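Colleague: I'd like to learn how to read a model like this one, feature by feature. Could you walk me through it?

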Amino acid sequence: MMTDANSLDGRKLSLSAQKALRQRVIEADKKGIKRTQIAKTFGMSRQWVWKVLRAFEKHGEEAAIAGHSRGPKPATRCDASPDKRKRS
């Protein structure tokens, strides 16, 4: 699904396709291709390309390829520690 003339909605891709796309963006950046050109080539927004490459620079390739998952972290859920519940 296209959100504007030059970008697609990456949220509609499967997780494996999203990871492959992030990997290809990182490889293109390593080859010295300009970020604007990367965005045009892969049909994504410049902001998304910058986000992926910032994650790569800050957290490394594995974290950037994995991407961000939504929702609470498993350890922060209310039911994660049953010992702290009130007992009657």
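Colleague: Let me start with contacts along the chain. Of the contacts in the protein with a separation of 6 or more, what percentage comes from residues 24 or more positions apart?

Modeller: Happy to help, and please keep in mind that this is a predicted model. Residues 24 or more positions apart account for 50% of those contacts.

Colleague: Which secondary structure elements should I look for, and in what pattern along the sequence?

Modeller: The protein has 4 helices and 0 strands, and along the sequence they read α-α-α-α.

Colleague: How many residues does the protein have, and what share of them counts as buried?

Modeller: There are 88 residues, and 24% of them count as buried. As for the surface, the protein exposes about 7,200 Å², with 52% of that supplied by carbon and sulfur atoms.

Colleague: Now the interior. Which residues of the largest nonpolar core touch the most other members?

Modeller: That core has 14 residues, and the ones touching the most other members are Val25, Ile26, Ile38, Phe42, Trp48 and Val49. Two or more residues come from each of α1 (15-30), α2 (35-42), α3 (46-59) and α4 (61-66).

Colleague: Phe42 is on that list. What is Phe42 in contact with, leaving aside neighbours within four places in sequence?

Modeller: Its partners are Leu8, Leu21, Arg24, Val25 and Ala28.

Colleague: How do I describe two packed helices in general?

Modeller: Two numbers do the job: the angle between the axes and the distance between them. For α1 and α2, the angle is about 145° and the axes are 10 Å apart. The crossing of α1 with α2 is right-handed.

Colleague: Which residues meet where α1 packs on α2?

Modeller: From α1 come Leu21, Arg24, Val25, Ala28 and Asp29, and they meet Arg35, Ile38 and Phe42 of α2. Sorted by class, this contact holds 5 nonpolar, no polar and 3 charged residues.

Colleague: And at what angle do α2 and α3 pack?

Modeller: Here the angle is about 115°, and the axes lie 9 Å apart. α2 and α3 also cross in a right-handed sense. On the α2 side you find Arg35, Thr36, Ile38 and Ala39, which meet Arg46, Val49, Trp50, Leu53 and Glu57 of α3. The classes in this contact are 5 nonpolar, 1 polar and 3 charged.

Colleague: Arg35 appears in the contact with α3. Why does Arg35 count as buried?

Modeller: The test is relative accessible area, and buried means under 20%. Arg35 counts as buried because its relative accessibility is 16%. Arg35 sits in helix α2, where, neighbours within four places in sequence aside, it is in contact with Asp29, Val49, Trp50, Leu53 and Glu57.

Colleague: Let me try the reasoning on Gln18: is it buried or exposed?

Modeller: Gln18 has 17% relative accessibility, so it counts as buried. Gln18 belongs to helix α1. Beyond its neighbours within four places in sequence, Gln18 is in contact with Gly10, Arg11 and Leu13.

Colleague: What about the two threonines of α2, Thr36 and Thr41: what is the relative accessible area of Thr36, and what is that of Thr41?

Modeller: Thr36 has a relative accessible area of 39%, so it is partly exposed. Thr41 has 52%, and therefore is exposed.

Colleague: One last item, C-alpha separations. What separates Thr36 from Arg46, and Thr41 from Val25?

Modeller: The C-alpha atoms of Thr36 and Arg46 are separated by 5.9 Å, with the two residues 10 apart along the chain. For Thr41 and Val25, 16 residues apart along the chain, the C-alpha atoms are separated by 9.4 Å.

Technical notes: Residues numbered from 1 in each chain as written. Predicted model: local features only at pLDDT ≥ 70, side-chain atom pairs only at ≥ 80, totals over all residues. Heavy atoms only, no water. Core = buried A, V, L, I, M, F, W, Y, C linked by side-chain atoms within 4.5 Å. Buried < 20%, exposed > 50% of the residue type's maximum accessible area, 1.4 Å probe, protein only. Contact = heavy atoms within 4.5 Å. Areas by Shrake-Rupley, 256 points an atom, 1.4 Å probe, with all protein chains shown as cover. Axes fitted to C-alpha atoms, helices over the stretch in contact; angles between N-to-C directions. Left-handed = near helix turned anticlockwise from the far one by under 90°. Nonpolar A, V, L, I, M, F, W, Y, C, P; charged D, E, K, R; others polar.
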